[in-house]
Amino acid sequence: MSAPLASVLFVCVHNAGRSQMAAGFLSHLAGDRIEVRSAGSVPGDQVNPAAVEAMREVGVDISAATPKILTTEAVQASDYVITMGCGDACPIFPGRKYLDWALEDPAGKGVEAVRPIRDQIRTRIEALIAEIDAEREA
C-alpha cells in the first residue's frame, strides 16, 4: 500500500459535531488516499447524535467515532490542520497548512438544523480533496 497523499486534522472545541462530520466525509470520499484525524480542545462525552443521524442520511457512518483530546503530536503529524471555531487552542507549527472553517456549531441542535452544516462541510471537503490532489500532481 502506498503512503497517504496527505494527513488532515480537523479540530473543534468538543470534537463532537463539525470535526467528526468533516472526518467522516474525508474518510468516505478519499478512502485511504488521505490520513484523517479529528480532535477537540475540550472533547465532549460523545459524538452529537444529530450529527450522527445527519451523516447516516447521506450514507456515512460516524456512529463509532469518539471525541478525542487535541494533542501537539496530532498537529505535528498532520499536513493540514483545519480548525472550526477553536481559535487559540490550536498549537501552530511551521510547515503545516492551517485553514479555519467558520461553520455554525451543531451542538444542541436537531437534525434539521445540522443538515445545512453537514452539506457545507461536504462542499469544503470535496474542495480540499481536489486541492490535495492538485498539489500532489504539481
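Contact here means heavy atoms within 4.5 Å. Keep that cut-off in mind; I will use it for several residues. One caution before the tour: this is a predicted model.

Let me start with Ser-19. It sits in helix H1, residues 18-30. Which residues is Ser-19 in contact with, leaving aside its neighbours within four places in sequence? Phe-10, Val-11 and Cys-12 are among them. So are Ser-38, Ala-39 and Met-84. Ser-19 has 0% relative accessibility, so it counts as buried.

Now the overall layout. The chain has 4 helices and 4 strands. Along the sequence, the pattern reads β-α-β-α-α-β-β-α. The radius of gyration is 14 Å, close to the 14 Å from the globule rule for 138 residues, so the chain is as compact as a globular protein of that length. Along the principal axes, the C-alpha atoms fill a box of roughly 40 × 30 × 25 Å.

Some whole-chain numbers. Of the 138 residues, 43% count as buried. The accessible surface comes to about 6700 Å². Carbon and sulfur atoms account for 51% of that surface. Take the contacts between residues at least 6 apart in sequence: 72% of them join residues at least 24 apart. On charge, there are 13 positive and 19 negative side chains. The centres of those two sets lie 1 Å apart.

Next, the strands. Begin with E1, residues 6-12. How many residues of E1 are buried? The count is 7 of the 7, so E1 is largely enclosed by the rest of the structure. Both of its faces are covered. One side carries Ala-6, Val-8, Phe-10 and Cys-12. The other carries Ser-7, Leu-9 and Val-11.

What does E1 pair with? E2 is one partner, in the parallel sense, over 7 bridges. Within that pairing, Val-8 has Val-36 of E2 as its bridge partner. E3 is another partner, also parallel, joined to E1 by 4 bridges. There, Phe-10 is matched with Ile-82.

Stay with E3, residues 80-83. Both faces are covered here too. Tyr-80 and Ile-82 are buried on one side, Val-81 and Thr-83 on the other. E3 also runs parallel to E4, residues 97-100, with 4 bridges between them. In that pair, Thr-83 stands opposite Asp-100.

Back to helix H1, for Arg-18. Is Arg-18 buried or exposed? Its relative accessibility is 8%, so Arg-18 counts as buried. The cut-off is under 20% relative accessible area. Setting aside neighbours within four places, Arg-18 is in contact with Cys-12 and Met-84, among others. Leu-103, Glu-104, Asp-105 and Pro-106 are also in the set. Ile-117 and Ile-121 belong to it as well. Look at Pro-106 in particular. Arg-18 and Pro-106 are 88 residues apart along the chain, yet their C-alpha atoms are separated by 7.1 Å.

Now three loop positions. The loop between E1 and H1 holds Asn-15. Most residues other than glycine have a negative phi. Asn-15 is not a glycine, but its phi is positive, about 50°. Asn-15 is also buried, with a relative accessible area of 0%.

The second is Gly-44, in the loop between strand E2 (34-40) and helix H2 (49-57). At 26% relative accessibility, Gly-44 counts as partly exposed. Its contacts, beyond four places in sequence, are His-14 and Pro-67. Compare Gly-44 with Val-58: 14 residues apart in sequence, 24 Å apart in space, C-alpha to C-alpha.

The third is Asp-79, in the loop between helix H3 (72-76) and E3. Asp-79 is partly exposed, at 33% relative accessible area. What does Asp-79 touch, not counting residues up to four places away in sequence? Ala-6 and Ser-7 are on the list, along with Arg-96, Lys-97 and Arg-136. From Asp-79 to Gly-95, the separation is 16 residues in sequence and 7.7 Å in space, C-alpha to C-alpha.

To recap the strand pairings: E1 pairs with E2, E1 joins E3, and E3 joins E4. Each of these runs parallel. That is the tour.

Technical notes: Residues are numbered from 1 along each chain as its sequence is written. This is a predicted model: local features need pLDDT of at least 70, side-chain atom pairs count only at pLDDT 80 or more; totals for chains, interfaces and linings use all residues. Side-chain values use heavy atoms; hydrogens and water are left out. Helices (H or I, at least four residues) and strands (E, at least two) are DSSP runs, numbered from the N terminus. The radius of gyration is taken over C-alpha atoms; the globule rule is 2.2 Å times the number of residues to the power 0.38. Buried means under 20% relative accessible area, exposed over 50%, partly exposed in between (1.4 Å probe, protein chains only). Accessible areas come from the Shrake-Rupley method with a 1.4 Å probe; for residues, only the protein chains shown count as cover. Lys and Arg count as positive and Asp and Glu as negative; His and the chain ends are not counted. The place of a charge is taken as NZ of Lys, CZ of Arg, CG of Asp or CD of Glu. Two strands pair if DSSP finds at least two bridges between them.
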